[in-house]
Amino acid sequence: MIKHIAFFCLLSLFFSCNSSEEKTKKETEVTIVDGAERYDVYRGSEMANLMRGMHAFNVQLKQEVIDGNVTSEFPEEFLKIHSAEFSESKSRNKTFDHYSGQFIEAQKLVFTNDSNESLAQRYNNAINLCITCHQTECTGPIPKIKKLLIKP
Ligand code: HEC
């Protein structure tokens, strides 16, 4: 049990923007369901949850791009990036709005054929915009996001 809590704290440290222990403790919760341990109740902001969904989606998309067979479609829920609420310590600002617009455009381009750039390039352009925005105010997840890039 203790081992699991420790592991989970580490996990959320790894995920969230600023790795202060205080924040990690607040957002971590352990529940016991039918005697089985469940320690995945991590309460993040609407934006943090959206970001985790965006990460998960791009893990899958990366494989599809590598296989040269994209069957996913652009997830409309990504447009929530323009309205989702942030964690207490963060708020919407011009820089965020600028990069979120660019990111959405780049992610959409992965799903179009009329482009001079290769599929892998278009995919990487979108991921690089995740990274560019994160460099401005949320550096914690950058190593994790970099793993999404397709190496030439
Ligand atoms: C326009 C800026 C911007 C873009 C683009 C962006 N992010 Fe984020 N990301 C943020 C901000 C700001 C937060 C913190 C949100 C909060 O704490 O409310 C965040 C949080 C995260 C988190 C941490 C979530 C958590 O558990 O706390 C992950 C992981 C993440 N982003 C991955 C990604 C990935 C992957 C992409 C691209 C597919 C991406 N982000 C695109 C700004 C951005």
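Hi everyone, let me start with some vocabulary: Ala, Val, Leu, Ile, Met, Phe, Trp, Tyr, Cys and Pro count as nonpolar, Asp, Glu, Lys and Arg as charged, and the others, Gly among them, as polar. By that scheme, the shell around the ligand holds 18 nonpolar, seven polar and three charged residues.

A word on the source: this is a predicted model, where local features need pLDDT of at least 70, side-chain atom pairs count only at pLDDT 80 or more, and totals for chains, interfaces and linings use all residues. Residues are numbered from 1 along each chain as its sequence is written, and side-chain values use heavy atoms, with hydrogens and water left out.

Now the chain. Six helices and two strands make up its elements, taken as DSSP runs (helices H or I, at least four residues; strands E, at least two) and numbered from the N terminus. Their order from that end is α-α-β-β-α-α-α-α.

On to the ligand. Which residues come nearest? They are Met51, Arg52, Cys130, Cys133 and His134, out of 28 around the ligand, where near means a heavy atom within 4 Å.

Three side chains deserve a look. Serine 45 has an N or O atom 2.7 Å from a ligand oxygen, and for arginine 52 that distance to a ligand oxygen is 2.5 Å. Histidine 134 places a polar side-chain atom 2.8 Å from a ligand nitrogen.

As for helices, H3 (46-67), H4 (94-109), H5 (119-137) and H6 (142-146) each give two or more residues to the shell. H3 gives the largest share, seven residues.

Finally, why does the ligand lie between domain 1 (2-42) and domain 2 (46-146)? Because both domains give residues to its shell; the bounds come from an automatic or database domain assignment.

Note on methods. Polar contact = N/O pair within 3.5 Å; in protein donor to acceptor, adjacent residues only side chain to side chain.
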